Amino acid sequence: MSDFERPAQDGTVPGETARLDAEVSRLFEQRNGPTTELAGQADAVAAACHAMAVRFHRGGKLVVFGAGGPSADAQHVAVEFVHPVIVGKRALPAISLTTDVATVTGIAEREGVAAIFAHQIRFLADPADIALGISVDGHSASVLAGLEAAAELGLLTIALAGGHSGPIMNSKAVDHLLVADSSDPRVVKELHVTLYHLLWELVHVFFEQPGVLSPGVVT
């Protein structure tokens, strides 16, 4: 091994360090474009949040669902609305349709996996509610069916999707579509976390601004 290739005092090899630095830079760059594109959806995010705040103001609740990894996101969203991490913020009613294993597996066995959310929505949701479906690639059949069932009942429907196409993105059942524009599921996941934190924060901003939730803000 030449002196140039000998490990430094911290144990790293100079050539390897350069390669690692380049890889880290590449990974950050991979996220820059989708993050910038997400910022370009500011008006769509604000519109979705205002619509959500109006529904909450009128007594509605948030119903959240997603399959696979997004099932955990659904739970994350629900708990943040019900038990705000920021002390002093208003608690708002929300449920996740991914937590009842007995119900989910029972529906899946009898009616098929695609029905696991739609069936619950028909029996647990009210027209005044909000349905938030989360899909990494926009192709989740169960999420799409849930959004369609919600739309049929009159719920406000919001979809967090990822990738560049998919039936969820083209569905007329979706009132507000917010997209993480990346084909990498890891990047989509990261941006979805950002998105639903924005939804939470801006809903509370609307509640704190007198007059924007006509006929008045609930106190």
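Buried here means under 20% relative accessible area, and the structure shown in these views is a predicted model.

**Figure 1. Helix α7 and its buried residues.** Let us begin with helix α7, which covers residues 185–207. This helix has 23 residues, and from its first C-alpha to its last it reaches 33 Å, close to the 33 Å expected at 1.5 Å a residue. Which residues of α7 are buried? They are V187, V188, L191, H192, L195, Y196, L199, W200, V203, H204, F206 and F207. As you look along the helix, it helps to recall that an α-helix has 3.6 residues a turn, so residues three or four places apart point the same way.

**Figure 2. Helix α3 alongside helix α7.** Here α7 is joined by helix α3, residues 69–82. The two axes come within 11 Å and cross at roughly 20°. Because angles under 35 degrees count as roughly parallel, α3 and α7 are described as roughly parallel to each other. The crossing of α3 past α7 is right-handed. On the α3 side, the contact involves G69, D73, H76, V77, E80 and F81; on the α7 side, look for K189, V193, Y196, H197, L199, W200 and V203. By type, the residues of this contact divide into 7 nonpolar, 3 polar and 3 charged. Some of the α7 residues may look familiar from the previous view: Y196, L199, W200 and V203 are among the buried ones.

**Figure 3. Helix α5 against helix α6.** This view turns to helix α5 (residues 116–124) and helix α6 (residues 141–153). Their axes come within 7 Å and cross at roughly 25°, and α5 and α6 are therefore roughly parallel to each other. In passing α6, α5 makes a right-handed crossing. From α5, the contact takes in I116, F117, A118, I121 and R122, while α6 brings S142, V143, A145, G146, A149, A150 and L153. These residues divide into 9 nonpolar, 2 polar and 1 charged.

**Figure 4. A closer look at I121.** Our last stop is a single residue of helix α5, I121. Is I121 buried or exposed? With a relative accessible area of 1%, I121 is buried, since the cut-off for that class is under 20%. Leaving aside neighbours within four places in sequence, I121 is in contact with V63, F65 and L97, and also with G146, A149, A150 and L153. For one of these partners, A149, the C-alpha atom is separated from that of I121 by 6.9 Å, although the two residues are 28 residues apart along the chain.

Definitions and conventions:
Residues are numbered from 1 along each chain as its sequence is written. This is a predicted model: local features need pLDDT of at least 70, side-chain atom pairs count only at pLDDT 80 or more; totals for chains, interfaces and linings use all residues. Side-chain values use heavy atoms; hydrogens and water are left out. Axes are lines fitted to C-alpha atoms, for helices over the stretch in contact, and angles run from 0 to 180 degrees between N-to-C directions. Helices (H or I, at least four residues) and strands (E, at least two) are DSSP runs, numbered from the N terminus. Angles under 35 degrees count as roughly parallel, over 145 as roughly antiparallel, 65 to 115 as roughly perpendicular and the rest as oblique. A crossing is left-handed if the near helix is turned anticlockwise from the far one by less than a right angle, and right-handed if clockwise. Contact means heavy atoms within 4.5 Å. Ala, Val, Leu, Ile, Met, Phe, Trp, Tyr, Cys and Pro count as nonpolar, Asp, Glu, Lys and Arg as charged, and the others, Gly among them, as polar. The expected span of a helix is 1.5 Å times one less than its number of residues. Buried means under 20% relative accessible area, exposed over 50%, partly exposed in between (1.4 Å probe, protein chains only).
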